[in-house]
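This briefing is written for a reader who is meeting the structure for the first time. Please keep the sequence and the three-dimensional view at hand while going through the points that follow.

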Amino acid sequence: MSVTDYGKVYLIGAGPGNPNYLTKKAERLIQRADIILVDRLVNPLILQYAKPNVEVIDVGKKPYAKHIQQQNINEQIIEAARHHQLVVRLKGGDPAIFGRVQEEIDALNEHDIQFEIVPGVTSASAAVATMNTGLTMRTIAKSVTFSTGHFKDSEENEVDISNLINGGTLAIYMGIKRLGKIIDQIKQYTDINYPIAIVFNASCFNEFVVTGYLSNIIQRLEQHHVEAKPGICIIGDVGEYVDYSRQTWPEHRPFYVISGEQQEALEICEYLYDKGFGCMVNPNQAKHIDYHPSQRTYYQNFINDQQDVIYISTSHFKQSIEQCI
Ligand code: SAH
């Protein structure tokens, strides 16, 4: 096949989950997509910007679980580009930060398939925004390192902590499972009991923050159910400036499933999401929206996983959203 026979692939960062953190470009491309291949960490609500009849393929790489190999994902992307003009490959956060974007670029180049990267908000940025602090600070932390706690083929490698030791901030992705080992490693090089903040589900309705110091963070984590939840560790002196005022959100909030005209329902979701409520457009309002089965199943499974689900229609929000929640 030649270049012209394939569609174009957009490698898009979906951000950390909050739909309001999508770039305009990402949103427009999702709206126009002919097919979407999505990672597990992408909030299903973001897929609801897509045309309802578009196929969504969950290439679901699950951390700590048997996963579909990257090779297989590459093949699915190429297959999608063979049959569709506008292919969206949607990844959590920023595709260029621990997003295996190069592996996919190599595969696309091998087939002379056109592509473009659309950056997204990375989880470290969302995490510090949540905590009202910065990743760098003029006199406190002059640089930041994005590091990973997970290595290819689960090799036991060391995290690069040199920047932390030199007074910078260390943001560790995929580090929760090995946090004990990472802390032991830091202690080998320094006596400083650094502040550490871990943000789970950053920017999302189910976001929560655990803070402490290297000496007590593991103990504090034990008081939470953190298994399989995406969390990012921010280690360094910026941790002294954490202000997690959003912690005042009530513990048990309903999850809204909204029926009505798609665009209107999505706008209400955007509003609710920023108020700390999980939400989604109802995938089962058969009247005027004909969802592709892959989308419908994806959304329904997500709703099934939520607690305290409230079904409500856009018309309830007509007067004042605030009065309805
Ligand atoms: N490309 C992504 C990172 C992918 S690696 C980005 O730029 O954010 C997956 C890791 O990212 C997770 O293990 C977790 O450490 C982090 N992560 C992704 N989404 C997150 C979120 N909403 N909140 C906290 N951490 C998140």
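Strand β4, which covers residues 86-91, is mostly covered, since 6 of its 6 residues are buried. The model is a predicted one, and the points below take up two strands, the ligand and several single residues in turn.

**Strand β4 and its partners**

- Both faces of β4 are covered, with Leu-86, Val-88 and Leu-90 buried on one side, and Val-87, Arg-89 and Lys-91 buried on the other.
- Strand β1, made of residues 8-13, runs parallel to β4 and is joined to it by 6 bridges; within this pairing, Lys-8 has Leu-86 of β4 as its bridge partner.
- Strand β2, made of residues 35-38, also runs parallel to β4, and 4 bridges join the two; here Ile-36 stands opposite Val-88 of β4.

**Strand β10 and its partners**

- In strand β10, residues 231-235, 5 of the 5 residues are buried, so the strand is largely enclosed by the rest of the structure.
- Both faces of β10 are covered, because being buried means having under 20% relative accessible area, and that holds for Gly-231, Cys-233 and Ile-235 on one side as well as for Ile-232 and Ile-234 on the other.
- Strand β7 is joined to β10 by 3 bridges, and the two run antiparallel; in this pairing, Ala-171 has Ile-234 of β10 as its bridge partner.
- Strand β8 likewise pairs with β10 in the antiparallel sense, over 5 bridges, and one of the residue pairs involved is Ile-198 with its bridge partner Cys-233 in β10.

**The ligand and its surroundings**

- The ligand is surrounded by 17 residues, of which the closest are Ile-97, Thr-122, Ser-123, Ala-202 and Gly-231.
- Sorted by class, the shell around the ligand holds 10 nonpolar, 6 polar and 1 charged residues.
- Domain 1 (1-121) and domain 2 (123-246) both contribute residues to this shell, and the ligand therefore lies between them.
- Two nitrogen contacts can be named: a backbone N or O atom of Ile-97 lies 2.7 Å from a nitrogen atom of the ligand, while a backbone N or O atom of Asn-201 lies 3.5 Å from a nitrogen atom of the ligand.
- Gly-231, a residue already met on one side of β10, places a backbone N or O atom 2.7 Å from an oxygen atom of the ligand.
- Taken alone, the ligand exposes 540 Å², and the protein buries 91% of that area.

**Residues with a positive phi**

- Most residues other than glycine have a negative phi, and the two residues in the next points can be read against that background.
- Met-174 is not a glycine, yet its phi is positive, near 50°; this residue sits in the loop between β7 (169-173) and α7 (179-189).
- Is Met-174 buried, exposed or partly exposed? With a relative accessible area of 37%, Met-174 is partly exposed, because that label applies between the limits of 20% and 50%.
- Ser-203, again not a glycine, has a positive phi of about 75° and is found in the loop between β8 (195-200) and β9 (208-213).
- Ser-203 has a relative accessible area of 4% and is therefore buried.

**Residues apart in sequence**

- Ala-126 belongs to helix α5, residues 123-130, and counts as buried because its relative accessibility is 1%.
- Between Ala-126 and Asn-18 there are 9.4 Å in space, C-alpha to C-alpha, although the two are 108 residues apart in sequence.
- Ile-289 lies in the loop between β12 (278-281) and α10 (293-304), and at 7% relative accessibility this residue counts as buried.
- How far apart are Ile-289 and Gln-262 in space, C-alpha to C-alpha? The two are 8.2 Å apart in space, with a separation of 27 residues in sequence.
- Ile-165 lies in helix α6, residues 162-165, and counts as partly exposed at 34% relative accessibility.
- Ile-165 and Thr-190 are 25 residues apart in sequence, and their C-alpha atoms are 7.3 Å apart in space.

Technical notes. Residues are numbered from 1 along each chain as its sequence is written. This is a predicted model: local features need pLDDT of at least 70, side-chain atom pairs count only at pLDDT 80 or more; totals for chains, interfaces and linings use all residues. Side-chain values use heavy atoms; hydrogens and water are left out. A residue is near a molecule or strand if one of its heavy atoms lies within 4 Å of it. A polar contact is a pair of N or O atoms within 3.5 Å; within protein, one must be able to donate a hydrogen and the other to accept it, and residues adjacent in sequence count only if both atoms are side-chain atoms. Accessible areas come from the Shrake-Rupley method with a 1.4 Å probe; for residues, only the protein chains shown count as cover. Ala, Val, Leu, Ile, Met, Phe, Trp, Tyr, Cys and Pro count as nonpolar, Asp, Glu, Lys and Arg as charged, and the others, Gly among them, as polar. Domain bounds come from an automatic or database domain assignment. Buried means under 20% relative accessible area, exposed over 50%, partly exposed in between (1.4 Å probe, protein chains only). Two strands pair if DSSP finds at least two bridges between them.
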